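I opened my notebook today to look up a few things in this structure. Here is what I wrote down as I went along.

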Amino acid sequence: MAGLRPPRAELGDLVPYEAKEPTVETNLSANENPLNLPHEVIATIAARLPEFAFNRYPDPMSGTLRTAIAEANGLDAGNILVGNGGDELIFDLMLAWGGPGRKLLNVPPTFAMYGLDARMTGTEVVEVPRNAKDFSIDEKAVLARVKEGDIDIVMIAHPNNPTGNLQPETFLIDLLEATDALVLVDEAYFEFSRHTMRPHMARHRNLVILRTFSKAFSLAGLRVGYLLAHEEVITELAKVRQPYSVDRFSQWVAGMVFRERVVFESQIQELLRQRDVVEHGLGQLPGVHAFGSEANFVLFRVDRASAVWRDLLHSYGVLVRDLSREPGLEDCLRVSIGSSKDNKRFLEAMAELMASRRESDMFGTTGVAQHPAENPVAGPGHASEKKGRRK
Ligand code: PMP
């Protein structure tokens with residue numbers, strides 16, 4: 001037979017993630033650390049590489065790394081699950097606590113993977129939108145909704161991506177008390193915000209915390225994230241996870257990075273200083289509104305944001321994230337904090353673009369941005385322009 005049955009109906013209009021490696025000069029679109037691993041760590045990897053057992057399967061539960069993370073957090077190894085980036089762990093949570101007939105409570109605009117993973121696993125999504133002005137969570141509405149008793153899992157990015165804000169800890173505690181649903185507090189940007197719900201784990205069996213090596217620890221390329229949770233939660237997640245999803249090399253390097261994590265402290269402090277520079281710089285530009293951030297990126301609103309995004313890319317080689325088509329994020333762009341050189345370039349480009357806009361508004365000219373018809377990075381099918389994933 002020559003036919004092909006259609007896949008699951010849920011895949012309908014989902015768009016696959018196009019993993020383009022943008023050849024742009026200044027990539028401020030993925031909230032990565034602008035610096036590679038410290039030289040000491042790279043030198044150690046290089047020196048020990050010849051003895052590395054590439055031929056052996058990895059430890060399915062990342063034992064050595066798991067123990068190190070547990071010790072640093074005052075927990076047992078049974079409270080830790082290492083995954084192939086935070087993304088995999090979010091998917092595992094949805095596989096185990098979501099699924100057909102079950103419900104995720106989501107507070108958009110937020111990290112796109114929560115809603116996408118819900119769709120992929122046939123989980124119903126109940127949305128309680130954030131406040132349109134400052135992106136705070138509608139606390140009353142969330143508490144009232146979970147009290148109805150039918151929510152199975154709640155996901156809250158803390159700080160939120162892409163808006164950058166934290167919700168008061170008192171709300172998260174109230175939420176944990178109001179429901180027995182599993183509550184993911186996604187602390188992917190913890191090293192920048194320094195806010196953690198870790199102290200509340202002892203009282204709340206339904207609290208799960210997510211962290212990642214992709215942001216502060218310069219390991220986005222290797223894919224390592226981890227959960228802190230009660231042992232019974234980890235046991236359930238271990239049933240649905242891919243046994244060898246975290247490869248030996250990534251476990252080894254992440255272990256080394258975790259042991260040496262103090263060396264990242266000065267970089268983190270520098271990124272926080274740079275975040276102030278970017279927030280302040282954007283705040284100086286007429287027509288631009290920057291939202292305060294507790295992470296390594298800044299969300300800002302500007303009229304005709306998609307045109308600004310295009311001009312930044314084509315005229316200046318600066319790639320930021322266009323969120324302007326997402327509900328609640330109309331005219332919003334997100335810029336990741338890069339090196340001081342990257343940030344300066346971005347701010348100068350923004351200043352020029354806004355000045356040329358004012359000029360063209362006054363004199364009816366077209367302004368600076370002449371861009372080629374062909375977009376080298378993001379043609380009409382670029383992921384940022386479609387409904388789909390993103391970092
Ligand atoms: N959570 C949030 C809020 C994020 O922004 C990201 C990355 N963009 C992740 C989780 C996942 O990160 P990774 O898979 O690289 O660990």
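Entry one: the ligand. I started with the residues around the ligand, remembering that this is a predicted model. I found 14 residues surrounding the ligand, and the closest are G85, G86, A188, T212 and S214. Next I asked myself which helix gives the largest share of this shell. The answer is helix α3, residues 85–97, with three residues. I also sorted the shell by class and got seven polar, four nonpolar and three charged residues.

Entry two: the domains. I looked up how the protein is divided, and I noted domain 1 (18–34 + 265–379) and domain 2 (39–259). Their C-alpha centres lie 28 Å apart. How many residues does each domain bring to the contact? I wrote down 22 from domain 1 and 21 from domain 2. On the side of domain 1 that touches domain 2, α10 (265–283) and β10 (297–302) each supply at least two residues. I listed that side of domain 1 by class as well: eleven nonpolar, six polar and five charged residues.

Entry three: two helices. I then followed α10 to helix α12 (residues 340–363), and saw that their axes come within 10 Å and cross at roughly 5 degrees. Angles under 35 degrees count as roughly parallel, so I could call α10 and α12 roughly parallel to each other. Which residues meet here? From α10 I noted Q274, V277, V278, G281 and L282, and they meet S340, N343, L347 and M350 of α12. My class list for this contact reads five nonpolar, four polar and no charged residues.

Methods: Residues numbered from 1 in each chain as written. Predicted model: local features only at pLDDT ≥ 70, side-chain atom pairs only at ≥ 80, totals over all residues. Near = placed C-beta within 6 Å. Helix = DSSP H or I, 4+ residues; strand = E, 2+ residues; numbered from the N terminus. Nonpolar A, V, L, I, M, F, W, Y, C, P; charged D, E, K, R; others polar. Domains from an automatic or database assignment. Contact = placed C-beta atoms within 7 Å. Axes fitted to C-alpha atoms, helices over the stretch in contact; angles between N-to-C directions. Parallel < 35°, antiparallel > 145°, perpendicular 65-115°, else oblique.
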